[in-house]
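The following paragraphs are intended to be read beside the sequence and the three-dimensional view. They move from individual loop positions to helix packing and then to the nonpolar interior.

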Amino acid sequence: MIIVMQRHAPKESIDRVLKEISRYEGLNPVPLIGTERTVIAVIGDERVIDERHIASFPDVDKVMPVLHPYKLASLETKHERTVIDCGNVKIGGDTVVIMAGPCSIETDELMDEAAIAVKKAGATILRGGAFKPRTTPYSFQGLGRKGILMLETAAKKHGLVSISEVMDVRDVDFVGNHIDILQVGARNMQNFDLLKEVGKSKKPVMLKRGLSATIKEFILAAEYILSQGNQNVILCERGIRTFEDETRNTLCIATVPIVKGISHLPIIVDPSHATGKVKLIPPMARAAIAAGADGIMVEVHPNPAKALCDADQALSVAEFNDLMKEIKPIVTAMKRKL
Ligand code: PEP
Ligand code: MN
């Protein structure tokens with residue numbers, strides 16, 4: 001169930017409800033604090049509580065059942081859109097955010113060069129993978145913790161927000177201590193222990209859609225993170241696996257408006273992993289923004305032919321500059337900013 005507090009309900013009233021729910025064994029109240037209204041989702045077997053008893057508490061507006069399987073991610077629960085605060089970059093607000101950088105972190109020099117180039121073109125978030133989920137164990141696996149520090153150094157030096165994937169629960173604290181946004185990759189979308197761990201970390205988390213996950217499963221995976229008390233969840237559509245083999249994956253653009261209709265969480269589109277081909281990335285980036293995406297994540301490498309990972313989909317700096325110019329009128333048409 002969802003307990004909707006009255007607008008601007010005082011903290012004491014919210015705390016009283018939280019305390020009351022916590023008295024029941026097996027029930028966990030999770031508050032979602034909005035600027036106007038706080039709602040409290042009750043996690044667990046709620047049959048043990050009497051709705052009317054909770055409804056009688058001071059400043060409780062209403063107690064509602066939740067019709068969808070997702071509670072905290074639902075727009076029905078929280079009407080205000082979530083804007084994630086990553087220092088001077090906000091994800092989910094007026095600005096369409098651009099995340100760019102190499103697939104994998106290779107050297108300090110690469111990260112420095114990439115940071116300079118993507119910043120100059122207008123990106124505000126620097127990407128780079130240190131823990132790489134490669135299909136074969138014989139491919140480059142990433143630099144691990146050493147790579148995380150390289151990304152941190154380059155991002156800080158150039159005033160960019162950083163994002164990197166974490167694959168193992170044992171690395172969540174380390175990555176969270178050095179990087180601004182934790183990424184959960186497509187292959188780990190249903191690694192429930194990892195979802196719970198990043199949920200406990202309270203850092204912004206970008207969750208990528210699983211290769212064969214339905215939208216419902218995708219949002220339920222986000223629900224795992226939210227139910228640990230971490231409200232800072234960003235969704236990322238990165239294409240799904242279909243019978244089509246002209247593209248690496250099939251970009252499901254409809255995910256953007258579907259998610260916007262179901263959830264208050266921001267959604268980013270990754271046209272790089274979705275298509276796997278340089279030529280297709282700019283048109284798909286334009287389509288994503290036109291569909292209402294809150295941002296895009298693009299792989300950019302100063303020397304694509306030499307990229308240690310995903311070379312076929314790495315944009316050169318010149319190609320990324322062109323992409324940024326091409327998306328500008330679309331961003332404006334959507335009444336948003338870059
Ligand atoms: C990535 O962004 O580096 C990545 C591996 O993407 P995905 O999990 O979507 O395949
Ligand atoms: Mn990649």
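A convenient starting point is S74, which sits in the loop that joins strand 4 (60-64) to strand 5 (84-86). The model examined here is a predicted one. Is S74 buried or exposed? With a relative accessible area of 1%, S74 is buried, since buried denotes a value under 20%. Apart from neighbours within four places in sequence, the contacts of S74 are H68, I262, S263 and H264. One of these partners, I262, belongs to helix 8, where it takes part in the contact with helix 7.

The loop between helix 2 (51-55) and strand 4 holds F57, and D59 is placed in the loop between helix 2 and strand 4 as well. F57 has 15% relative accessibility and therefore counts as buried. When neighbours within four places in sequence are set aside, F57 is in contact with R16, V17 and E20. V17 is also included in a separate core of 17 residues, discussed below. From F57 to H8 the separation is 49 residues along the sequence and 15 Å in space, taken from C-alpha to C-alpha.

D59 draws attention through its backbone. Most residues other than glycine have a negative phi. D59 is not a glycine, yet its phi is positive, at about 65 degrees. With 25% relative accessibility, D59 counts as partly exposed, because that class lies between the limit of 20% for buried and that of 50% for exposed. A positive phi, of about 60 degrees, is also found at K335, again a residue that is not a glycine. K335 is located in the segment that follows helix 11 (317-333). Its relative accessibility is 73%, and K335 therefore counts as exposed.

The packing of the helices may be considered next, beginning with helix 3. How do helix 3 (residues 108-121) and helix 11 cross, and at roughly what angle? Their axes come within 9 Å and cross at roughly 20 degrees. Helix 3 is therefore roughly parallel to helix 11, because angles under 35 degrees fall into that class. The crossing of this pair is right-handed. On the side of helix 3 the contact is formed by A117, V118 and A121, which meet V317, F320, N321 and M324 of helix 11. By class, this contact comprises six nonpolar residues, one polar residue and no charged residues.

Helix 3 also packs against helix 4 (residues 145-157), at an angle of about 30 degrees and with the axes 9 Å apart. These two helices are therefore roughly parallel to each other, and helix 3 passes helix 4 in a right-handed crossing. Here D108, M111, D112 and A115 from helix 3 meet M150, L151, A154 and K157 from helix 4. The contact of helix 3 with helix 4 contains five nonpolar, no polar and three charged residues.

A further pair is formed by helix 7 (residues 215-226) and helix 8 (residues 255-262), whose axes come within 11 Å and cross at roughly 55 degrees. That angle makes helix 7 oblique to helix 8. The crossing of helix 7 and helix 8 is right-handed. I215, F218 and I219 of helix 7 meet T255, I258, V259 and I262 of helix 8. Among the residues of this contact, six are nonpolar, one is polar and none is charged.

The nonpolar interior completes the description. The largest nonpolar core comprises 75 residues, and those with the most contacts inside it are L126, V198, L207, I296, F320 and L323. Helix 7 contributes the most to this core, with seven residues. F320, named among those well-connected residues, also appears in the contact of helix 11 with helix 3. Which residues does I296 touch, not counting those up to four places away in sequence? The partners of I296 are V97, I98, M99, I268, V269, P271, A285, A288, I289, L323 and I327. A second core, separate from the largest one, has 17 residues and includes A9, V17, V42 and I54. Of these, V17 is in contact with F57, which links this account back to the loop between helix 2 and strand 4.

Definitions and conventions. Residues numbered from 1 in each chain as written. Chains lettered and ligands numbered in written order. Predicted model: local features only at pLDDT ≥ 70, side-chain atom pairs only at ≥ 80, totals over all residues. Heavy atoms only, no water. Axes fitted to C-alpha atoms, helices over the stretch in contact; angles between N-to-C directions. Helix = DSSP H or I, 4+ residues; strand = E, 2+ residues; numbered from the N terminus. Parallel < 35°, antiparallel > 145°, perpendicular 65-115°, else oblique. Left-handed = near helix turned anticlockwise from the far one by under 90°. Contact = heavy atoms within 4.5 Å. Nonpolar A, V, L, I, M, F, W, Y, C, P; charged D, E, K, R; others polar. Core = buried A, V, L, I, M, F, W, Y, C linked by side-chain atoms within 4.5 Å. Buried < 20%, exposed > 50% of the residue type's maximum accessible area, 1.4 Å probe, protein only.
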